[in-house]
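Trainee: Hi, have you got a few minutes to look at a model with me? I'd like to talk through its hollow spaces and a few contacts.

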Amino acid sequence: MKTICQVCMHHCALEPGQTGLCRARKNMGGEIVCENYGRITSLALDPIEKKPLYDFHPGSMILSVGSYGCNLRCPFCQNHEISMADGKGLDTEQVSPEQLADLALMWKAQKRAGNIGIAYTYNEPLVGWEFVRDTARLVREYGMLNVLVTNGTASQEVLEELLPLIDAMNIDLKGFHEAYYRKLGGDLETVKAFIARAQENCHVELTTLIVPGENDSPEDMEAQAKWIAGLRPTIPLHITRFFPRYRMRDREATDVEQLYRLAGTAERYLEKVYVGNV
């Protein structure tokens, strides 16, 4: 019998043994389980600005961790080796929430590292949100911080489970046109609802990767900036430069002058606009 996964807008109807579009959630005996739970592909101590979070504990370092799987299909994904993987034959290490939280605490104790907590990142962390929840609880108990780097395409139910545990998020706002989101396998309204709720409860910064010919019109940026300002004009927006990669090597990197023009458009409505990858 099919079971419907409720984690995101895809609502994958899975037969027993079948894995969802995200490649990380599976129907096992009629129950949807997180198959990538604790399976770590990436671990690094990063500057907080790399998330990117510019207005949240600037100058700090944070332990960044990733698994595999994603519920979008962005053709320009810089982490496609893990985000588009299904875990079979992938080099992973099984790590418990306790082990990960202990590692974060150890790197906090080393003053040269100065770790402030854990960032759940690299792939889409919310396809394995249960591991984020269980680890984040322990990190909080240790007096440390939790950061989520996400595409924001999870359900409100998942968001409400995690919000009490998350201190900051960087959320991808891929663009501001529904047709563009559909090309990426996503849904703009789901992301807008996610952002609107998240910013009520924790520090939120947004990132938009400007892809030539896709989401680089001044009109779209103006509509996006107006909408963000309607939530709070102090929400930081990172406008970042596209470089050819993965399945989108058929166009040039984003023109730097165009990035700054779009930033200028956004600055008419927002107090904090940052240009990245230039």
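Trainee: What classes of residue make up the lining of the largest cavity?

Mentor: Keep in mind that this is a predicted model. The lining of the largest cavity has seven nonpolar, seven polar and two charged residues.

Trainee: And how much space lies in there?

Mentor: About 130 Å³. The lining comprises 16 residues, and those nearest the centre are Ser67, Asn123, Pro125, Phe131 and Val132.

Trainee: Which elements supply at least two residues each to that lining?

Mentor: β5, β7 and α3 do.

Trainee: Let's stay with β7, then. Is strand β7 largely enclosed or open?

Mentor: Strand β7 covers residues 61-66, and five of its six residues are buried, so the rest of the structure largely encloses it.

Trainee: Which way do β6 and β7 run, and how many bridges join them?

Mentor: They run antiparallel, joined by six bridges. One example is leucine 43, whose bridge partner in β7 is valine 65.

Trainee: What about β7 and β9, parallel or antiparallel?

Mentor: Parallel, over four bridges, with β9 spanning residues 115-120. There, methionine 61 stands opposite asparagine 115 of β9.

Trainee: Back to the hollows. How many cavities of 30 Å³ or more are there?

Mentor: The count is three. The second largest cavity has a volume of about 80 Å³. Its lining includes Cys5, Cys8, Cys12 and Cys22, along with His10 and Arg25 among others.

Trainee: How does that lining split by class?

Mentor: Eight nonpolar, three polar and one charged for the second largest cavity.

Trainee: Okay, pockets now. What volume does the largest pocket have?

Mentor: About 960 Å³. It is lined by 40 residues, and Lys51, Gln78, Asn79, Val149 and Asp172 are the closest to its centre.

Trainee: Which strand gives the most to that lining?

Mentor: β13, with four residues. Each of β10, β11, β12, β13 and β14 supplies at least two. By class, the lining of the largest pocket has 17 nonpolar, 14 polar and nine charged residues.

Trainee: And how much space is in the second largest pocket?

Mentor: About 160 Å³. Among the residues lining the second largest pocket are Ile40, Leu43, Glu93, Gln99 and Leu103. Leucine 43 is also the residue whose bridge partner in β7 is valine 65.

Trainee: Which element gives the most there?

Mentor: α2, with three residues. β6 and α2 each supply at least two residues of that lining. By class, the second largest pocket is lined by five nonpolar, four polar and one charged residues.

Trainee: One last topic: how many aromatic pairs are there?

Mentor: Three. In one of them, tyrosine 37 and phenylalanine 131 meet edge-to-face, at 5.1 Å centre to centre and 85° between the planes.

Trainee: Where in the chain do those two sit?

Mentor: In distant parts, 94 residues apart. Tyrosine 37 is in the loop between β4 and β5, while phenylalanine 131 belongs to helix α3.

Trainee: Why does phenylalanine 131 count as buried?

Mentor: Because its relative accessibility is 7%, and buried means under 20%. Tyrosine 37, at a relative accessible area of 28%, is partly exposed. Phenylalanine 131 also came up earlier, as one of the residues nearest the centre of the largest cavity.

How values were computed: Residues numbered from 1 in each chain as written. Predicted model: local features only at pLDDT ≥ 70, side-chain atom pairs only at ≥ 80, totals over all residues. Heavy atoms only, no water. Phe/Tyr/Trp six-rings, centres within 6.5 Å; stacked < 30°, edge-to-face > 60°. Buried < 20%, exposed > 50% of the residue type's maximum accessible area, 1.4 Å probe, protein only. 1 Å grid on protein atoms, 1.4 Å probe; cavity = no way out; pocket = protein on both sides within 12 Å on 5 of 7 lines; lining within 4 Å. Points joined across faces, edges and corners; volume = space filled by probe spheres on them. Nonpolar A, V, L, I, M, F, W, Y, C, P; charged D, E, K, R; others polar. Pairing = 2+ DSSP bridges.
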